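Work through the exercises below with the sequence and the model side by side. Try each task before reading its solution.

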Amino acid sequence: MRYLPLTDADRKAMLGKIGVTNTDALFATVPKDKLLGSLLDLPKGKSELAVERSMGRLAAQNTPAGSVPFFVGAGAYKHHLPASVDHLIQRSEFLTSYTPYQPEIAQGTLQYLFEFQSQVGQLTHMEVANASMYDGSTAAAEAVLMAHRLSKRRRALLAGNLHPHYRETIATVSSMSGDEILAAPPAPAGSEELAHLIDNTVSCVVVQTPDFYGHLHDLNALAERAHAVGALLIAVFTEVVSLGAIEPPGAMGADIVVGEGQSIGNALSFGGPYVGLFATRQKYLRQMPGRLCGETVDKEGRRGFVLTLSTREQHIRREKATSNICTNSGLCVLAFTIHMSLLGEAGLRRLALLNHANAVALAELLVKVPGVELLNETFFNEFTIRVPGKAADVIERLAAKGVLGGVPVSRLEPDRAELADLIVVAATEVNTEEDRVAYAKALREVLEC
Amino acid sequence: MLNRQGRPTTPGETVASAPDSFSGNRALAIEEGLIFEIGRVDTTGVDIEVPPSFAARLGKLARRAPLGLPGLSEPETMRHYVRLSQKNYGIDTGLFPLGSCTMKHNPRLNEGMARLPGFGDIHPLQPLSTVPGAVALIAELARWLRELTGMAVVAMTPKAGAHGELCGMMAIKAALAARREHRSVVLVPESAHGTNPATAALLGYRVVSVPARADGTVDAEEIRKRLSSDVAAIMLTNPNTCGLFERDVVAIAEAVHAAGAYFYADGANFNAIVGKVRPGDLGVDAMHINLHKTFSTPHGGGGPGAGPVALSAALAPFLPLPYTIVDAHSIGYVEHAGRPAQPVADRSMVSSLSAAQADRSGDAGSAGGVAPPAAPQAADRADAGAKPLGRMCAFHGQMGMYVRALAYMLSHGSDGMRQASEDAVLNANYVRNSLADLMSAPFGDQLCMHEALFDDHWLEGTGITTLDFAKAMIDEGYHPMTIYFPLVVHGAMLIEPTESESKESLDRFIASLRKLAAAARGGEVARFREAPRYAPRRRLDETKAAREPRLRWTAAQERQQAAE
């Protein structure tokens, strides 16, 4: 086995040193009748070449985003990834290290965590950010739990245009922890009245912008209303590139900002691993979940970084911890930080502008297709169209024509017949004019026949 | 000596005390500022076209708040992050015996497989008809994990070990609710990982600790004493965090089940027993599997992980969404409760992965082996009566980690995985045995599983702590072991060498530790208290970090620095 350095001679010598005659003796504490006498019913080991061959065949069954005109978003986005990012994150010292428990030999990891926390703070316009959560959806669930702790209330109000998977993730935890959620119905046309649902029994209002259907929201009034009754405003985003173009939640009164960071630095990878961003106000720091990296000095007075405020965390506080999270998204954080450092403010603004421009151009083309209606007044790089008939069928027929044209809302909301004719469409910098024309042409053909 | 061009070819005489460098750099160890100090807001390392002018659709929400994000050109970016990487210790640097973390070799084949466009560049919500290979891979990995654990189904989506714990404990809570029972207590041994009590508490359970007996394992009698109709579950790590197999595990499982409770196993230490014993055969109802530990999807500086949870038949109906269903011919996918599976792929798609034959060159005895009769192809789950928990997260879980884990499993095969566990246990015992005369073991001289535990009893009176000893290991070129965990052992040092170390590597490690131990016993206090001397940083002031939290760079900070 190419990964195992011990030889049979080594094994024999080592067993002798330990003072046992065979390997079985090392497993003497396992009940004899439970010890497996033979190999499990699984294939034996394969060479690198053989694994490449069979996994390559499996991969070839899938249609990569980069191989077709591609407009699928709804929480994960196809962006161009600079080659240097993937090269750097595969440096052994990053890839094969672990949580920086020994800071003297983990300053590389700790410094990029500090850079990440700083970048997330700047992007969201918030005071403190943690060193990441698993992804946007689990970050949202943690934000709700944090709001419950802060408000000592146990009822969360979820906006109807929150990503349905985020709503369901929050609902799963809430139903099991005995908390309550009040989820408003979807409002695909964009205008959603939430203020009347906010009262002093609510711990938080969870609202997404740009929302699941692509609409942008000014959160100021909602924040004011929430604060007036002692509730927190939790702002969610699924497309972090939008923050290069639109007003950040931190500048609109949000108390906790969570979001998905996949777009910067991370591949689509069928939904994971991604990186959850989590930022809040300084005054709520002690109730924050997850790891935090802080600046300090070493014995010689040189600046260095350590994990800090661990008294919030499970390995110290056990059942009194603010969260059970341990391993987070380290390497995805690194990819995010490197890509963001490459972009800088100038690059991010330009990237955001190009995304918006491509989405506007696409929307203008698609609304010219007979029968297609655009639901959005405002949007960033994603919008919703209404098509005649079932959106899921339209998407399948587009796929048959080699165009991946978006997400039928019914994929996520199958029980709401009123949403069955809606498609959420995303455009990013990867789309060309030819892609857009191909989409409009294919959509016209699909809707005509 | 000079060569003909006048270039010295041998080092000159050593000067007694070398001066510090002007820059603060030490040759390859180069000081590196924060991106916020070296970057510029008008610089970018990505060329992006500027679109022709168009009518924006941002309403009144165009960004007004400042961004203040520095950028770098590509060469500067490379240098910045390469220099940071050089301040890190990884498995590829050297032996990394961090107990309970299973820092084994990360095969680069797996990285390559995860980056195949057919896996890395597919979107979670593109039509299922365009990703049959992805769904088939998830089903196939679930099948391997079922076989390795001997459990009924595997919940694939949890994103890390602690998330898996949450999922498993939620399944237990849901099963109790389905029985119309409300139970409020979860039993957790004192030696457990902190995530166990934290998870139980998150679900509203009261945690009751169970002490260990003198040999470091849990006594079934202590469990029985605490069991009642109010106990929902026990959360037991096996092998436990002291590196010992819980020899009463079967009796514990029986007692727990007799009380109507469930048995949650923390799978953090699965690497000791893969292919040797199956948790399902021990009576486990739920166990998470840390793919980044046991199956070597890299640790990546603290994630991403993946924490699929194997569930027993009793808990199978509560499998979270989404999940695969496999029958004799096809692989289906369920994304919503109460809706039928959508057929996605033909089973033949994974047949080349399932064929039980070896094609590793030189693997005598199985070359050209004939595949045994197909195993009974039970459906992934009996879908009738399904009461799925709901979603643990958006989309389908950690696909990138699934690909790496499956590549690991295919490479090892049933034979290689069993050998890996045996080697992991052998290596740990070899280290334990080779240090036992100098260091003290809290539970006496007994065999261990895949990690060897020592305490600080042997350091008493030396003035040297476990922390000092660990820091001195850094100077010797090693990553320290896990220290001060498990909490039940004073000054714990938990060494997990993994199967990735050669005998020669272990011998060098043992020799280093023996010299250090002898130095400690010999009273060389300064060597330890001053350590590390040769790392990129000396010991860091953690108290200052916590008392005056500085958690990000700010513009104000920069102004202050400029003023100084």
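**Exercise 1.** Find the residue with positive phi that follows α8(A), then sort the helix into its buried and exposed sides.

*Solution.* Step 1: α8(A) is followed by Gly230(A), with a positive phi near 75 degrees. Helices (H or I, at least four residues) and strands (E, at least two) are DSSP runs, numbered from the N terminus. This is a predicted model: local features need pLDDT of at least 70, side-chain atom pairs count only at pLDDT 80 or more, and totals for chains, interfaces and linings use all residues. Residues are numbered from 1 along each chain as its sequence is written, while chains are lettered from A and ligands numbered from 1 in the order in which they are written.

Step 2: α8 of chain A spans residues 220–228, and Leu222(A), Ala223(A) and Ala226(A) are buried there (20 or more other C-beta atoms within 10 Å of the residue's own; exposed means 12 or fewer, partly exposed in between; C-beta atoms are placed from the backbone). These residues share one side of α8(A), because they cover an arc of only 100 degrees around the axis (taken from the directions from the helix axis to the C-beta atoms).

Step 3: Glu224(A) and Ala228(A) are exposed on the other side of α8(A).

Step 4: Look for the packing partners. The buried residues of α8(A) pack against β4 (204–208) and β5 (232–237) of chain A (contact: C-beta atoms, placed from the backbone, within 7 Å).

**Exercise 2.** Which residues of α14(B) are buried, and what do they pack against?

*Solution.* Step 1: α14 of chain B covers residues 503–521, 19 residues in total. From first C-alpha to last it reaches 26 Å, close to the expected 27 Å (1.5 Å times one less than the number of residues).

Step 2: Leu506(B), Phe509(B), Leu513(B), Leu516(B) and Ala520(B) are buried. Seen down the axis of α14(B), they fall within an arc of 95 degrees, so they line one face of the helix.

Step 3: Glu504(B), Ala511(B) and Ala518(B) are exposed on the other side of α14(B).

Step 4: The buried residues of α14(B) pack against α12 (399–435), α13 (466–475) and α15 (525–529) of chain B.

Step 5: Just after α14(B), Gly523(B) has a positive phi of about 85 degrees.

**Exercise 3.** How many residues of chain B are in contact with chain A, and which element gives the most?

*Solution.* Step 1: 190 residues of chain B contact 168 residues of chain A.

Step 2: α12(B) gives the most to the chain B side, with 21 residues.

Technical notes
Two residues are in contact if their C-beta atoms, placed from the backbone, lie within 7 Å.
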